[in-house]
Amino acid sequence: MIEKQSDNVENLEENVSEEVNKNEDSSVIENQTSEDKQSLNEDDENIYAEDLKNTITNNDARLEQLEKEHETLKSQYVRIAADFDNFRKRQSRDQDDLKVQLVSKALTAILPIVDNFERARQQLKPESEEAQTLHRSYQGLYKQLVEVLKQQGVSPMRVVAQQFDPKLHEAVLREPSQEFHEDIIIEELQRGYHLEGKVLRHALVKVSMGPGQQNSQEPEEKDKVEEDIDSENPISEEN
């Protein structure tokens, strides 16, 4: 009986020892698992932080690249817009210049007719009623022609007693004058015209040389101008 109790005690001790060992093993395993999990969490966090850092770096680089591309495209747009605006203005100027050239060419061809009208008006001296009627008809046609020129922006120059200006006048004759100072226009030989403020035709003029001065070429030049004025073909104009 005593031996059986002793065996029971030994078995009990063995069971308790085994149970303790099992508990210890279980505790070790749990600690190891916990450590492994903690280590894995730290690794995951490190990997995530590294990935996040790389993503931010890549985004910053991409943003910088996009900003540079934006500035480049903006500069190109501004340059293209400026070029187009200059092209538009240049086209407008060219069209205006072409229009002025065409109008100037047409009006210049009409000016000799105006000259002939004015010469005829100076020579006509109507005495009879029939001649006066013809003269009035002529005057009406002349006024219509002058009105058309005015509507197109043509205006005559007023040159007598003005200072000679080579940009506006062409001196075909110079002679001494007791009345006018040197380089003052004495007489208008052919009327000049403006078109919208620009010279349509230079005025042919006689210019004073001042008192007491002589010009050996004066008679020859004077005869030439008078022949040109009296000829059927009017004096050629310069635009």
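Which residue in S4 does Pro156 stand opposite? I looked this up and found that Pro156 stands opposite Tyr193 in S4. I note at the outset that the model is predicted.

**Entry: the sheet**

I then traced the strands around this pair. S1 and S4 pair in the antiparallel sense, and I recorded 3 bridges for them. The two strands belong to an open sheet of 3 strands in the order S1-S4-S5, with antiparallel pairing. I identified strand S1 (154–156) and strand S5 (198–201) as the edge strands, each of which pairs on one side only. For the twist from one strand to the next I noted an average of 40 degrees.

**Entry: salt bridges in general**

I turned next to the charged side chains. Such side chains can pair if they carry opposite charge and their charged atoms come close. How many salt bridges does the count come to? I recorded 10 salt bridges.

**Entry: Lys89 and Asp85**

I examined the salt bridge between Lys89 and Asp85, where the closest N and O atoms are 3.3 Å apart. Both residues lie in helix H1 (residues 2–123), and I noted a separation of 4 residues, about one turn of the helix. Lys89 has a relative accessibility of 40%, so I entered this residue as partly exposed. Asp85, at 25% relative accessibility, also counts as partly exposed. I found, in addition, that Asp85, Arg88 and Lys89 are linked in a network of salt bridges.

**Entry: Glu118 and Arg191**

I looked up Glu118 and found a salt bridge with Arg191, with 3.3 Å between the closest N and O atoms. Glu118 lies in helix H1, whereas Arg191 lies in the loop between strand S3 (185–190) and strand S4 (193–195); the pair therefore ties together parts that are 73 residues apart in sequence. Is Glu118 buried or exposed? I entered Glu118 as buried, because its relative accessible area is 12% and the cut-off for buried is under 20%. Arg191 is partly exposed, with a relative accessible area of 22%.

**Entry: Lys206 and Glu187**

My last search concerned Lys206 and Glu187, whose side chains meet in a salt bridge at 3.0 Å, N to O. I placed Lys206 in strand S6 (residues 203–208) and Glu187 in strand S3, so this pair ties together parts that are 19 residues apart in sequence. I noted that Lys206 is buried, with a relative accessible area of 8%. Its partner Glu187 is partly exposed, with a relative accessible area of 35%.

Terms used. Residues numbered from 1 in each chain as written. Predicted model: local features only at pLDDT ≥ 70, side-chain atom pairs only at ≥ 80, totals over all residues. Heavy atoms only, no water. Salt bridge = Lys/Arg side-chain N within 4 Å of Asp/Glu carboxyl O. Buried < 20%, exposed > 50% of the residue type's maximum accessible area, 1.4 Å probe, protein only. Pairing = 2+ DSSP bridges. Axes fitted to C-alpha atoms, helices over the stretch in contact; angles between N-to-C directions.
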